[in-house]
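User: Could you take a close look at one part of this model for me, the place where two of the chains come together through their strands, and then work outward from there? I'd enjoy one connected account.

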Amino acid sequence: MLEVKDLHVTVEGKEILKGLSLTIQPGEVHAIMGPNGAGKSTLSAVIAGKDGYEVTSGTITFEGKDVLEMDIEERACAGLLLGFQYPVEIPGVKNIYLLKAALNAQRAARGEDEMPAPDFMKLVREKIKFMKMDSSFLQRAVNEGFSGGEKKRNEILQMLLLQPKLAMLDEIDSGLDIDAMKVVADGVNSLRDANRAILMVTHYQRLLDHIVPDVVHVLVDGRIVKTGGKELALELESRGYEWVLEESAA
Amino acid sequence: MASEEMEQLVRREYTQGFVTDIESDTMPPGLDENTIAFISKKKGEPEWMLEWRLKAYHQWLKMTSPSWAHLDYPPIDYQAISYYSAPKKDEDRPQSLDEVDPKLLETYEKLGIPLHERAALAGVAVDAVFDSVSVTTTFKDKLAEAGVIFCSISEAIRDYPELIKQYLGSVVPAADNYFAALNSAVFTDGSFVFVPEGVTCPMELSTYFRINAANTGQFERTLIICEKQAQVSYLEGCTAPQRDENQLHAAVVELVALEDAYIKYSTVQNWYPGDEDGKGGIYNFVTKRGDCRGDRSRISWTQVETGSAITWKYPSCVLRGRDSIGEFYSVAVTNGRQQADTGTKMIHIGEGTRSSIISKGISAGRSNQSYRGLVKIGPRAKGARNFTQCDSLLIGDQCGAHTFPYQEIGNSSATVEHEATTSKIGEDQLFYCQSRGISEEDAVSMIVNGFCKDVFQELPMEFAVEAEALLNVTLEGAVG
Amino acid sequence: MSDEQTFLDALSARGTRRGAEPTWIAARRQAGAARFEALGFPTRRDEAFKYTDVRTIARGDFTLAQDAQDLAPLSPATAAALTLPLEALRLTFVDGIFAPELSDLAALPAGVSVEPLSEALADNHEAVGGALGRLAGVDFSPFTALNTAFAEEGAVIRLAPGSVVETPILVQFLSRANATPLMSHPRVLIEAGARSQATVIEHQVGEEEAANFSNLVSEVMLERGAILTHYKLQEASLKDLHVSSLHIDQGRDSRFTSFNLNLGGSLVRNDIVADLNAQGAETNYYGLFFAQGRQHVDNHTLVNHNAPHTFSNENYKGILGDRAHGVFNGKVVVRRDSQKIEAHQSNANLLLSDRAEIDTKPELEIYADDVKCSHGATTGQLDEEAIFALRARGIGEETARGLLTLAFAGEVMEQVVLDAVAERVERTVAGKLPERFNLAGLVEVAAALDEE
């Protein structure tokens with residue numbers, strides 16, 4: 001489904017990713033772990049198409065298409081959706097506008113008609129309830145004045161509505177208390193199915209207690225240095241990253 | 001010397017200098033074509049220069065004095081002004097510091113100006129105390145070596161007519177405004193600077209060096225040209241109150257920066273502001289404009305305005321070259337009955353042009369001060385940016401502080417930001433300082449200096465120190 | 001014949017047809033005409049009209065609806081469609097003439113009087129005489145002088161002390177498409193007694209092909225503790241010419257809030273002047289102007305802090321597309337000895353096209369020292385971070401820009417309490433954005449959600 005090959009990325013002249021390769025199949029949940037500054041967030045940002053990241057070599061393909069050739073919104077419409085670590089506040093733009101505009105755009109990209117307003121309202125209501133959010137959120141400006149937890153729930157709410165093929169979650173656990181973490185994890189778990197993949201970037205093992213990954217990658221200094229099953233995450237938690245480095249250097 | 005005699009002497013300095021001394025090259029008051037011909041002849045100017053002046057004069061006759069500024073002054077009688085006065089003969093000057101107004105000397109002392117400089121500033125015949133010739137020679141040699149021309153505008157008209165023909169009036173056309181037209185007709189002196197391609201002027205240039213060579217007239221004309229990749233820092237005016245017998249001062253300054261050139265122009269203006277009741281003082285009507293003609297050129301104006309009864313002054317930048325930069329940093333302090341209407345114009349014509357404006361105004365006493373600025377973004381100035389910060393501080397409840405910023409924006413990719421605040425000097429800040437044992441006056445000066453810090457740091461080092469001192473002198477008696 | 005003479009001729013022609021009037025009115029008319037004749041129409045040499053050229057008005061040949069020979073009818077259906085969907089006390093004028101059939105004052109609560117100026121003059125002209133022209137003198141501008149010369153219709157709203165009117169009072173000015181261009185000079189007088197409260201909406205709207213000139217003058221007097229919210233919703237046709245001035249006199253602890261929402265008109269000039277004459281008075285100005293095509297919208301606001309302990313706050317937003325030209329001039333004056341003042345002012349503009357232009361001048365004139373005054377003006381671009389965030393959800397770049405443009409207006413619209421007004425404006429803005437933005441559907445959904 002997603003194939004990243006020998007990806008090199010520089011930001012402001014500094015090389016952050018130094019030959020990263022990664023393959024994700026439908027139905028899989030991948031977790032990328034690694035110390036600060038390893039390039040974890042860079043990877044998801046590049047896949048989503050954020051400005052300021054220069055791909056110097058390597059390829060990213062999604063369902064056979066060259067992702068690097070696609071516009072930001074094309075990627076999202078193709079099913080690549082990024083959950084932000086720091087969701088942007090957009091004063092004045094109501095959440096409901098964002099949700100409807102995004103859903104319309106994605107449906108249009110698939111050649112589907114706009115969802116009729118009553119159906120849309122019903123769907124939104126259902127999802128918002130699932131995320132244990134108040135419906136007043138819909139009339140509030142996107143993320144404006146939201147707490148950290150509310151922002152993250154809002155990210156997942158969008159995922160539930162837009163149903164991406166590959167959901168990328170960048171540090172979705174940061175800034176969450178345990179209750180919020182459970183709600184967010186429930187949301188993400190509800191997305192799991194045989195046709196969908198999830199890529200999580202995280203610093204901590206604790207998220208992986210709630211969203212159990214199939215594959216765990218260790219990202220250090222711009223490269224994936226080790227790949228394993230969910231038990232790898234536990235090992236990283238107890239032993240830190242040093243041993244992986246030593247092992248890969250050996 | 002008895003104090004009466006002294007007073008007489010001082011008074012003669014102010015009132016009698018021109019009229020009685022028929023022998024010297026002093027014109028009686030009045031302005032007509034003959035006056036202009038006389039000035040041109042005295043300066044030994046070529047015919048084309050006289051024609052240029054006369055043309056300006058005829059345009060001036062058709063113009064009217066601007067009335068849009070937030071200023072209140074009686075109409076000026078242009079026929080009551082004498083337009084030419086030769087440098088004073090040495091025997092007419094005070095022969096030593098003992099003969100100079102003690103009040104003036106006191107001010108110099110407060111400013112921390114070295115003794116021999118005080119003499120020069122007070123117009124004392126300096127040969128006895130201070131050998132300016134040697135100083136002049138040293139710096140002239142150094143400049144010549146670098147290929148920099150620095151001389152009076154009169155010399156330049158004689159010695160570099162081609163440069164003058166090319167550049168004079170090319171930034172501020174003769175008929176630009178009422179006062180510029182008047183200046184173009186009757187200017188008597190000023191500076192000329194030419195920095196050739198690739199040269200960074202080896203020293204900061206200052207009118208101070210020339211103060212002795214010519215008695216600065218009331219109609220100065222300054223022209224500075226920096227060729228490609230050339231740089232110069234020019235300091236104007238003296239850091240002390242210059243005694244000026246004349247009421248009207250109408251100067252024109254033109255700057256031209258070609259590709260990658262950088263001109264930094266700093267002014268500390270402290271002309272006589274008039275007395276406590278608003279009697280006397282200089283009317284300062286100045287047109288200053290820089291033309292960023294070349295790509296990536298940069299012109300930076302820094303001014304500290306503390307003097308003059310009336311100030312009408314808007315140092316501006318025409319940002320023609322791609323990615324050129326204009327800057328304006330200003331501190332203006334008014335006290336007593338002073339009135340100042342000052343600010344800048346940033347005209348963005350070229351793509352990617354940037355400008356920043358930092359203006360700090362302090363009003364005290366019964367003074368009134370206005371910031372008046374224009375930021376204009378032309379339709380071709382893609383991606384142009386301006387940032388303006390304009391703060392006013394009020395000391396006392398009888399003064400006024402006003403802000404009139406014009407923004408004319410005709411390009412959708414431009415970013416223009418203007419912020420302005422007006423407030424009184426912070427009582428809690430004052431209290432805090434005083435509770436630490438600092439006198440109220442010192443506390444005010446500390447706070448005001450802090451308020452002006454952003455601008456002072458743009459000044460060359462020694463200027464900054466004097467500017468701070470000047471601020472304190474101006475604000476004396478503003479509190480309590 | 002001079003431009004002014006055309007108008008003076010129309011005035012004297014009207015004078016011969018109008019019935020007898022109390023002498024004070026005749027005198028004021030005369031003063032207005034004389035002042036207008038002396039001043040003439042403003043030109044761009046006048047600082048107040050530096051960016052606005054009123055020659056299309058000055059050179060126009062407009063007929064008063066009262067004097068027009070063949071008035072096109074305005075169907076009830078059209079009138080109904082133009083009306084704000086709002087439960088309100090309603091007073092309607094069609095091209096300056098009172099339309100009782102389109103007015104509804106049945107539910108007038110006790111302590112409140114709302115009547116057309118012509119009736120008020122007939123009933124008790126002395127009372128009107130005390131208010132008319134008290135704030136908007138003939139010297140304010142040639143247009144107020146002209147209005148004074150012509151004024152014979154408009155609205156008179158009086159609130160008795162302590163009366164609180166929950167239902168908004170809607171004064172509608174409808175402009176019809178007519179073969180000969182029409183002109184009207186309505187006058188609105190609002191006298192709010194001590195501690196009274198009300199909301200007044202001046203709604204300017206008309207048929208799409210209307211090409212008339214309206215010159216509205218409103219005078220608002222707030223006594224001690226009165227609270228008045230004033231909406232001016234200007235949705236005139238794109239050919240209408242519209243000049244207005246709104247004058248407010250504020251007593252102790254009174255609060256005035258103005259929403260000046262401008263969407264229509266080809267040439268629009270609004271002046272708002274509030275005099276804060278006693279301690280505790282507070283005024284809030286909110287404004288939105290959205291112009292496209294070759295529309296020209298000029299808003300001049302002035303707050304005079306004439307007394308200590310007075311407060312003002314202002315937030316104006318401008319959105320300009322195509323070759324539209326926007327002007328904002330906001331001035332705050334703090335008089336000598338008006339200490340303990342707070343005055344804040346902000347103007348932000350968005351240019352959607354390289355041929356659009358905004359000229360803005362936020363001014364402060366301050367003669368007292370114990371003040372906290374600030375102003376800011378920005379003209380700039382949409383937040384690129386926000387655009388990325390929207391695109392990352394699959395929203396096309398153009399739609400993302402449209403959403404953010406709507407949001408830009410939203411910062412002012414959030415202050416609007418009347419949903420009917422807010423929705424009308426949002427829908428109009430969304431609908432008027434370049435078609436590629438296609439946002440109208442979104443606004444509908446949000447509105448539907450609101451109604452649940």
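Analyst: Happy to! Let's begin with one residue pair: Thr422(B) stands opposite Cys373(C) in strand 21 of chain C. Please keep in mind that this is a predicted model. The pair belongs to a longer match, in which strand 19 of chain B and strand 21 (residues 371-380) of chain C run antiparallel and are joined over 8 bridges.

Around that match, 31 residues of chain B are in contact with 33 residues of chain C. On the chain B side, the elements giving two or more residues are strand 17 (385-395), strand 18 (400-409) and strand 19 (415-424). By class, this side of chain B divides into 12 nonpolar, 14 polar and 5 charged residues.

Now let's move into chain C itself. Its domain assignment gives domain 1 (3-278) and domain 2 (383-452). The C-alpha centres of domain 1 and domain 2 of chain C lie 32 Å apart. Their contact takes 10 residues from domain 1 of chain C and 7 residues from domain 2 of chain C. On the domain 1 side, strand 11 (227-235) and strand 13 (255-262) of chain C each supply at least two residues. The largest share of that side, 3 residues, comes from strand 11 of chain C. The side of domain 1 that touches domain 2 has 9 nonpolar, no polar and 1 charged residues.

Within chain C, strand 14 (residues 267-276) deserves a stop. Of its 10 residues, 9 are buried, so strand 14 of chain C is largely enclosed by the rest of the structure. It has parallel pairing with strand 12 (residues 241-250) of chain C, over 10 bridges. In that pairing, Gln250(C) has Leu276(C) in strand 14 as its bridge partner. Strand 14 of chain C is also joined by 10 bridges to strand 16 (residues 296-305) of chain C, and these two run parallel. There, the bridge partner of Ile272(C) is Thr301(C) in strand 16.

Next comes the nonpolar interior. The largest nonpolar core has 302 residues, and those with the most contacts inside it are Val193(B), Cys226(B), Val232(B), Ala257(B), Ile263(B) and Ile169(C). Helix 8 (residues 397-413) of chain C gives the largest share of this core, 9 residues. Both domain 1 (3-278) and domain 2 (383-452) of chain C contribute at least three residues each to this core. Cys226(B) shows what such a position looks like: leaving out residues up to four places away in sequence, Cys226(B) touches Val195(B), Gln231(B), Val232(B), Ala257(B), Leu258(B), Ala261(B), Tyr262(B) and Ile263(B). Apart from the largest core lies another, of 12 residues, among them Phe7(C), Ala145(C), Ala151(C) and Val243(C).

Chain C also meets chain A. Here 31 residues of chain A are in contact with 25 residues of chain C. The elements of chain A that give two or more residues to this side are helix 2 (72-78), strand 7 (90-94), helix 3 (95-109), helix 4 (117-130) and helix 5 (148-162). Helix 3 of chain A gives the largest share, 9 residues. This side of chain A divides into 22 nonpolar, 4 polar and 5 charged residues.

To finish, a look at the sheets of chain A. In one, 4 strands form an open, antiparallel sheet in the order 2-1-4-5. Strand 2 (14-24) and strand 5 (65-66) of chain A stand at its edges with a single partner strand each, so one side of each is left without a neighbour in the sheet. Strand 1 (residues 2-11) and strand 4 (residues 53-62) of chain A pair antiparallel over 8 bridges, and Val9(A) has Val55(A) in strand 4 as its bridge partner. Helix 1 (residues 40-48) of chain A lies across strand 1, strand 2 and strand 4 of chain A, at about 70 degrees to strand 4.

Chain A also has an open sheet of 6 strands with mixed pairing, in the order 6-9-10-3-11-12. Its edge strands are strand 6 (80-83) and strand 12 (223-228) of chain A, each pairing on one side only. On average, and ignoring direction, neighbouring strands of this sheet are turned by 20 degrees against each other. Strand 11 (residues 215-220) of chain A is joined to strand 12 of chain A by 5 bridges in the antiparallel sense. Helix 8 (residues 230-239) of chain A lies across strand 3 (29-33), strand 11 and strand 12 of chain A, running at about 45 degrees to strand 11.

Conventions. Residues numbered from 1 in each chain as written. Chains lettered and ligands numbered in written order. Predicted model: local features only at pLDDT ≥ 70, side-chain atom pairs only at ≥ 80, totals over all residues. Contact = placed C-beta atoms within 7 Å. Nonpolar A, V, L, I, M, F, W, Y, C, P; charged D, E, K, R; others polar. Pairing = 2+ DSSP bridges. Axes fitted to C-alpha atoms, helices over the stretch in contact; angles between N-to-C directions. Core = buried A, V, L, I, M, F, W, Y, C linked by C-beta atoms within 7 Å. Buried ≥ 20, exposed ≤ 12 C-beta atoms within 10 Å, placed from the backbone. Domains from an automatic or database assignment.
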